[in-house]
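Biologist: Hello! I am new to this structure and would like a close look at how its strands pair and what packs around them. Could you walk me through that part step by step?

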Amino acid sequence: MDVRLNRELLLEAARSFGTPLFVYDQDLILERYREVLTFTPWPKVKILYAMKANYNPEILRLLQNAGAGIDAVSTAEAILALKCGFSAEQILFTANNLTEREMRLAYALGVLFNLDEIATLRRFGEIFPESDLCLRFNPEVVAGENAKVQTGGEFSKFGLLSEQISEVREVTARHGLRVVGLHIHTGSGIKEKSKFLLALDNLLKVADRATFPDLRFIDCGGGLAVPYRPGEERVDYPVLGKEIAARFAAFCNRYGRDLDLLFEPGKYLTAEAGSLLVQVVTVKRTRRKTFAGTDSGFPHLIRPVLYGAYHHIVNLSNPDGDLQSYDVCGNICESGDLFASDRLLPEIRPGDILQIQNAGAYCYSMGGLY
Ligand code: PLP
């Protein structure tokens, strides 16, 4: 949760551009980028920005200039990244349920495929023999801020399983495929350092040189957590980074070559840097509730409705008003269209501008036209 975007500036932005309005602090995005780049003391760390978190072209260009690569999950994302200045070599294409049409399109773009399913791998090998690719494994760890964004473990659809290694070997050998990277993504908003480390250990167990002699990188995926609530502690990533580096150094020693270590943060780079500014249109008292009705709704910021996520809200127009309990709602004809329920906020009046914080990741990009 970031409070550096100053109140006057935000109010001025709301006045100039109108609401609802997403506002971003680019310095904070760059600061978070540098943090992830340096928290693990390993000389060959690379960052692929998971652009699904926010594919605003300005943010993409900012991170491209800073030296990031891209984790793209659709051909549309890959094309947008190319348009924003990333080269094909900087893009990892981690698709799910890939159709043959998408496969051919992405291949023509020149991006590196990250595949996690045997039949798709087989098809890829048949169509594009002797290609480089990356393989995604199930980290065998369940972690993440809610069940919907946990992508590891027995019930997950993602990743190859360690018991499929012989099949992987057979398919890659048959088609002369070169596995240049191995990948995991465990979930979003992981706070437990031990789970990161266990997931990495599990991937490194699979990464032996006899099976994968051509490795250039190991990709730990995304999932770095940010605080959403006031007073919530930040994860001490430098402490985690030291552990990661120690494990990775030992692995590279065994493997016989120093590999690149990749991270794919989405949320960590952009969440705190973004705010959604909304205007209150009505304040309506019913028998049980007071609704602050805004000019926005879940088509702009769906995380509270979809995940029960907490987003801190500030009444920019009346920061010192008396605290009262509000349901802050949108203008959609569904009772679930709430940004916050029973939230204590300084008195809200029609016309007030509210800042919904931590709206930089999985808000704009998960938006719709409903
Ligand atoms: N990498 C992959 C493959 C993902 O699916 C995701 C998120 O869903 C990410 C990276 C980014 O995760 P986060 O935004 O939690 O860092």
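Modeller: Happy to! A definition helps at the start: two strands count as paired if DSSP finds at least two bridges between them. Please keep in mind that this is a predicted model.

Let's begin with strand β10, residues 274–285, and strand β11, residues 290–294, which pair in the antiparallel sense over 5 bridges. Within this pairing, V283 of β10 stands opposite A292 in β11. The two strands form a hairpin, with 4 residues between β10 and β11.

β10 has further partners. Strand β1, residues 21–24, is joined to β10 by 4 bridges, and these two strands run antiparallel. Look for V23 here: the bridge partner of V23 in β10 is S275. Strand β15, residues 353–356, is also antiparallel to β10, again with 4 bridges joining the two. In that pairing, V278 stands opposite L354 of β15. As you look along these strands, a general point may help: in a regular strand the side chains alternate between the two faces of the sheet.

Now for the barrel. Eight strands make a closed barrel in the order β2-β3-β4-β5-β6-β7-β8-β9, and the pairing is parallel. On average, neighbouring strands of this sheet are turned by 30° against each other, with direction ignored. One pair to pick out is β4, residues 91–93, with β5, residues 112–115: they run parallel and are joined by 2 bridges. Here L92 has L112 of β5 as its bridge partner. Helix α9, residues 237–255, packs on the sheet and touches β8 (217–219) and β9 (260–263). The direction of α9 makes about 140° with that of β9.

Finally, let's turn to a pair of helices. Helix α4 covers residues 75–83 and helix α5 covers residues 100–109; they pack at an angle of about 20°, with their axes 10 Å apart. Because of that angle, α4 is roughly parallel to α5, as angles under 35 degrees count as roughly parallel. The crossing of α4 and α5 is left-handed. On the α4 side, T75, A78, I79 and L82 make the contact, while α5 contributes E102, L105, A106 and L109. Sorted by class, the contact of α4 with α5 has 6 nonpolar residues, 1 polar and 1 charged.

Key. Residues numbered from 1 in each chain as written. Predicted model: local features only at pLDDT ≥ 70, side-chain atom pairs only at ≥ 80, totals over all residues. Heavy atoms only, no water. Axes fitted to C-alpha atoms, helices over the stretch in contact; angles between N-to-C directions. Parallel < 35°, antiparallel > 145°, perpendicular 65-115°, else oblique. Left-handed = near helix turned anticlockwise from the far one by under 90°. Contact = heavy atoms within 4.5 Å. Nonpolar A, V, L, I, M, F, W, Y, C, P; charged D, E, K, R; others polar.
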